[in-house]
Each structure stands twice: as C-alpha cells, then as structure tokens.
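Student: I'd like to learn how to read helix packing and pockets in a model. Could you walk me through an example?

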Amino acid sequence: MPTDPRSPQRLRRVLNLPLLTLYGLGTTIGAGIYALAGEIAGIAGYGAPLSFLLAALVAGFTACSFAELSARFPQAAGAALYVQQGFGRRDLARIVGLLVTAAGVVSAAALVNAFAGYLASYLPAPRFAVIGVTALGLAGIAAWGIAQSVAVAALITLVEVGGLLVIVGLGVGELASLPSRWREFLPGADSHIDAAALLLGVTLAFYAFIGFEDMVDVAEEIKDVRRTLPRAILATLAITTVLYLLLMVTALLAMPPAALAATTAPLAAVYEVHTGRPGVLIGVVAMIAIINGALVQMVMASRVLYGLAQRGQMPGWLGRVHPTTRTPLLATAAVGTVVLVLAAYGHLAGLARTTSLLVLVVFTLANLALWRLKSHSRPPDGAFECPRALPLIGCALCVALVLHELVSLIV
C-alpha cells in the first residue's frame, strides 16, 4: 500500500538554488571528465572541444525537457512520473522508475569500483575491503539526512570543480597562442579533424554530461521547487559546458592529443606539464570526485524507489520515512546493498556502458512524454516552458545514440 500522503513523516524541504546547483554539478562533473578527457582527445584529436560543445547541445534538448517537466510535476521519482503523465500508463512508469533506479545503482557501483582501483595505485589495500567500507559508508551518509548528504556532496563538488579550475588556471597562459592556432580546433584544411572521429567524440563526451536528470528526484526536498529546480538544471548544464570547453582547450594547447590519450590520468599529466611536479594532488581530487558521484547516485536511486512506493508502484516499505532522519531509510539500505554486490563482482567498463544505455532509454521516453503532454496542456503560470519541437528533437537524438550504442555492442 502507498504511504499515506497525510503522514507527518514527509521529506524535508531544505535545498535552495545554490545548494541544488552544487548537487547537480556534483553528479555531472566528476569521474566522467577526469577519466574521459584523454580518451576523447585520442578519438577526436584537436576536435575534442568541439565534440564536447556538440554533446552539450545534444544534452541541452533533454535538459530543457526535464526543466519543464520538473515544473509541471515537482515530485520524487521524476522521470517515472513524467512518463506516466505523458502516456497514461502505470506499468510503463514503473519500468522507467526501475530503469532510473538501475542506472543510479549501476553507476554508483561503477564509481565505487573505480575508486578502489584508484586507491590501489596509491595505497595497497584489499579490494573487497575498500569496496565494502566505501559502499557502506556512502549508504550511511545518504541515510543520515538530505541536508547532510547534499552538504557533503556540495563540499566535495567544490573540491572537484576546484581541481578543474586549477588545471584551467595553469593553462591560461596557453590561451595566448589560441589566436594563431584556432584553426587546429575546427574541421578544415588547416586541421586534421576527421568528421567520423568527431562524431564518435560527441557520443563519448555526452556521457560526461549525464547527471542533471538526477536532480529531479529530490524535488520534494527543494524550496520553491517550481522555480528553483528548472533554473538549477539549466545552470548546471551551462556551468558544466563552460568548464569542459575551457579544460579541453587549455589541455590541448599544452599537450598534443596523442600524449593526452596515452596516459590513464590525463588531467594529472597536464598538471605535471605545467608545474613540473607529480600530479598526485589531481589524482586525489579525481578520487574525491568519484566518491561524490557515487554518493549522489545512491541518494537519487533511493528517492526514486521512495517515489514509486508513494504511488503504490513498489512495496510500501520502500516509501517509509524515518522519523528522525526524515529520509527513506529502508530504500537507502536496499540501494546500498545492491551497490556493494555489483561493485564487488562487476567490472568498471561494463558497468559504465550499462549506465549510459539505461539513461539514454529514459531520456528518450521522457522527451516523448513531454511532447505528448504539450499537445493538450501547459505548465503552471510563470513556470519554464520550451517549444514543442524541442523534446521531439531531443527524443530523436537520444534514439540515435541508443542505436549507436547497440550497434557498437553487437559489432
């Protein structure tokens, strides 16, 4: 049975625009950019910044759809609710909710797995022990309270964004050469950018923008949610795009793409080029970024389960809110347990690709749901609204990326 909506044990609204934006940055910026910068440079060469820009445009269509949907339906289990409202089918909504939860759990497991690998390169420790302590510790923080969880995530976000700003700041001097080298970064006779490689770079760079969709799953814990949440989603994407572009341009001005792609710690390598000192500090920041991403994913997944249970689409015990922490304690425990198992027995690459495919399917359905909703209804007065063609374009782009992923898996 769903939890009685009149119950006094409800989620606490404590998140404002700055804190929510930091939460969004924490789930978007992190392991993706710290790990993918070299790989994208290896694929797209000097076209990597353009790949990031095009990926941001692709993500932007879906981000705008989520911004409007979050203003229309400011409740937990966002994507599942959006699909139910758009298609009028509870069974499809349940499937989407489970897809979102699975994406969050698998992503968190991948990040915990990656953290164990990073730590092993600096400090010898039993892998299973590291995974166990990390997964249980993150579940404990997520269960502690939303204000505490987001505060921890926000603090860590400042550290990981600070790491990116350090790299960009060190490369500011390199920007002086951009007026004479800008043609290298655009397709044309003066560059060696291959169009097919550029598009492959877009597909990979898109993964570094995944995360803004998780923000809608804490909707019931946001102050003035109809105004705050859409603004935070769009602000997160805008800040992320600017940071990524500055980072890739300054990195490629300092190092050729082949050299950047040859290292497993590309940003640490850029740091070493600029300073002549080992990039251990950036490596530590990368580990912190990974932990932050895992925490945010676990918070998101537990809130989706809570939201589904609230509407009777999952067992009622998942929708119970602890009277002291005011968090969905049992849902958080369930998420933490599954993350622990997957991280211990899964492999990083497979977990990451699975996450991406699940998220793209959810994006496709959410875009299509908004397109259907816009044919017969409008958002509340003063709420964010996008043109009707926009979600249809977002849907088509997501379908293309899903098909690309499936073809690559088959081939």
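Student: Are α1 and α13 roughly parallel or roughly perpendicular to each other?

Tutor: Happy to help, and please keep in mind that this is a predicted model. Two packed helices are described by the angle between their axes and the distance between the axes. Here helix α1 (residues 17–28) packs against helix α13 (residues 280–310) at about 115 degrees, and their axes are 8 Å apart. α1 and α13 are therefore roughly perpendicular to each other, as angles of 65 to 115 degrees count as such. Their crossing is left-handed.

Student: Which residues of α1 and α13 meet?

Tutor: From α1 come Tyr23, Gly26 and Thr27, and from α13 come Asn292, Gly293, Val296, Gln297, Val299 and Met300. Sorted by class, that contact has 4 nonpolar, 5 polar and no charged residues.

Student: Now for another pair. At what angle do α6 and α14 pack?

Tutor: The angle is about 160 degrees between helix α6 (residues 127–144) and helix α14 (residues 329–345), with the axes 9 Å apart. An angle over 145 degrees counts as roughly antiparallel, so α6 and α14 are roughly antiparallel to each other. They make a right-handed crossing. On the α6 side the contact includes Phe128, Ile131, Gly132 and Ala135, while α14 offers, among them, Leu329, Gly336, Val339 and Tyr345. By class there are 13 nonpolar, 3 polar and 1 charged residues in the contact of α6 with α14.

Student: How far apart are the axes of α6 and α13?

Tutor: These axes are 9 Å apart, and the angle between α6 and α13 is about 55 degrees. That makes α6 oblique to α13. The crossing of this pair is right-handed. Thr134, Ala135, Leu138, Ala139, Ile141 and Ala142 of α6 meet Ile291, Ala294, Leu295, Met298, Val299 and Arg303 of α13. Here the classes are 10 nonpolar, 1 polar and 1 charged.

Student: Let's turn to pockets. Which residues line the second largest pocket?

Tutor: A good way to read a pocket is to take its volume, then its lining, then the elements behind that lining. The second largest pocket holds about 150 Å³ of space. Its lining is made by Leu54, Val58, Leu199, Val202, Thr203, Phe206, Leu397, Ala400 and Leu401. Two or more of these residues come from each of α3 (48–72), α9 (195–206) and α16 (389–410).

Student: Which element gives the largest share of that lining?

Tutor: That is α9, with 4 residues. As for class, the lining of the second largest pocket has 8 nonpolar, 1 polar and no charged residues.

Methods
Residues numbered from 1 in each chain as written. Predicted model: local features only at pLDDT ≥ 70, side-chain atom pairs only at ≥ 80, totals over all residues. Heavy atoms only, no water. Axes fitted to C-alpha atoms, helices over the stretch in contact; angles between N-to-C directions. Parallel < 35°, antiparallel > 145°, perpendicular 65-115°, else oblique. Left-handed = near helix turned anticlockwise from the far one by under 90°. Contact = heavy atoms within 4.5 Å. Nonpolar A, V, L, I, M, F, W, Y, C, P; charged D, E, K, R; others polar. 1 Å grid on protein atoms, 1.4 Å probe; cavity = no way out; pocket = protein on both sides within 12 Å on 5 of 7 lines; lining within 4 Å. Points joined across faces, edges and corners; volume = space filled by probe spheres on them.
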